[in-house]
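This report describes selected features of one protein model, from single loop residues to nonpolar cores and a helix pair. The sequence and structure are shown first.

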Amino acid sequence: MSIQQLFAPIAADMQAVDAVIRQRLHSDVVLIRQVAEYIIHSGGKRLRPALVLYTAGAMGYRGTHHHELAAVVEFIHTATLLHDDVVDESELRRGNKTANAMFGNAASVLVGDFLYSRAFQMMVGVNDMRVMQVLADATNVIAEGEVLQLLNCHDADVGIDGYLRVIRYKTAKLFEAATRLGGILGGASPELEERLAAFGMHLGTAFQIIDDVLDYSSDEAATGKHLGDDLAEGKPTLPLIHVMQQGSAEQAAVVRKAIETGGRDDFEAVLAAIHATGALEESRRHARAEAQLAIDALDALPPSIFKDALLQLSDFAVARNH
């Protein structure tokens, strides 16, 4: 199932979110508009705002605050991408030049700051202290995750727990916040709100694990990024950790050297070790387990087209090839 088919039940809501995004991107500073519009409209999946809409719909919410909060979540996500690409010195994302490659690092960092601050202006407008608490906590944890990932780079001794901690902070936290927000808007009980948050956290974890798998197995044209980018940056992701733990001494040594030195010189040897040890399938198995935990978390949610879509998103997160 394509992302467009998955989003069919919320097509009108997504259009409303896009209208909010366009309106809220406005700035009298031309460069801010140029950079923000470039990154916002460069082909993202819009998964995180969709999660706000789906969970709010599943809870029977009928107002308009979910449009504003979905846009807030997208702005926070976009700000992290702008900063990420500068830190990683990336030149390609979704098949397009990154904003830092187009406009320079300084502009990317500063426009990322603009998007963060605009997001906080918007969440204050919703006038709900619980909403502000969730989003403030999420942005803080995401920043911690960015620093954790930086510390892990070129560290070949990072284990699965350390790897998962980065994912939970850096990626899954915003998924978790998105699904929690839908529950808050829909008046979910504390127990159900926690179940929705758990769904988002496990879904986000599965999604990122598959992203890391695709860095060693996908079609560059499909993903819009260079294969081996993670290796070039010395990131110890799950396929590499699996080789380190399950491979031969020679295979582990190849991966250790690649992580510690970075670059793509050893990419073919690392790829051979990954395939020889079944690291990609083992990583996919881990992602499927996370997706199943996400599905289980929705047991208490009443039947609806929105719940069905959330369950389908769990399948999409692990079955996708880009």
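## Loop residues, cores and a helix crossing

Asp 215 is buried, its relative accessible area being 2%; buried denotes under 20% relative accessible area, exposed over 50%, and partly exposed the range in between (1.4 Å probe, protein chains only). The model is predicted: local features need pLDDT of at least 70 and side-chain atom pairs count only at pLDDT 80 or more, while totals for chains, interfaces and linings use all residues. Residues are numbered from 1 along each chain as its sequence is written, and side-chain values use heavy atoms, with hydrogens and water left out.

Asp 215 sits in the loop between helix 10 (190-214) and helix 11 (220-223). Helices here are DSSP runs (H or I, at least four residues), numbered from the N terminus. A polar atom of the Asp 215 side chain lies 2.9 Å from the backbone nitrogen of Asp 230.

Three further loop residues are listed below.

| Residue | Loop | Relative accessibility |
|---|---|---|
| Asn 127 | between helix 7 and helix 8 (129-152) | 66%, exposed |
| His 154 | between helix 8 and helix 9 (160-185) | 38%, partly exposed |
| Pro 303 | between helix 16 (279-297) and helix 17 (305-319) | 77%, exposed |

Phi of Asn 127 is positive, near 60 degrees, and phi of His 154 is also positive, near 70 degrees. Most residues other than glycine have a negative phi.

The largest nonpolar core has 71 residues, of which Phe 7, Tyr 54, Leu 69 and Leu 135 touch the most other members. Such a core is a set of buried Ala, Val, Leu, Ile, Met, Phe, Trp, Tyr and Cys residues joined through side-chain atoms within 4.5 Å. Helix 5 (residues 65-88) supplies the largest share of this core, nine residues. Apart from this core lies another, of 17 residues, including Val 213, Leu 231, Ala 258 and Ala 279.

Helix 3 (residues 30-40) and helix 7 (residues 105-126) have axes that come within 10 Å and cross at roughly 85 degrees; axes are lines fitted to C-alpha atoms over the stretch in contact, with angles from 0 to 180 degrees between N-to-C directions. Helix 3 is therefore roughly perpendicular to helix 7, a term covering 65 to 115 degrees. The contact (heavy atoms within 4.5 Å) involves Leu 31, Ile 32, Val 35 and Ala 36 of helix 3 and Ala 107, Val 111, Phe 114 and Leu 115 of helix 7.

Note on methods
Helix = DSSP H or I, 4+ residues; strand = E, 2+ residues; numbered from the N terminus. Polar contact = N/O pair within 3.5 Å; in protein donor to acceptor, adjacent residues only side chain to side chain. Parallel < 35°, antiparallel > 145°, perpendicular 65-115°, else oblique.
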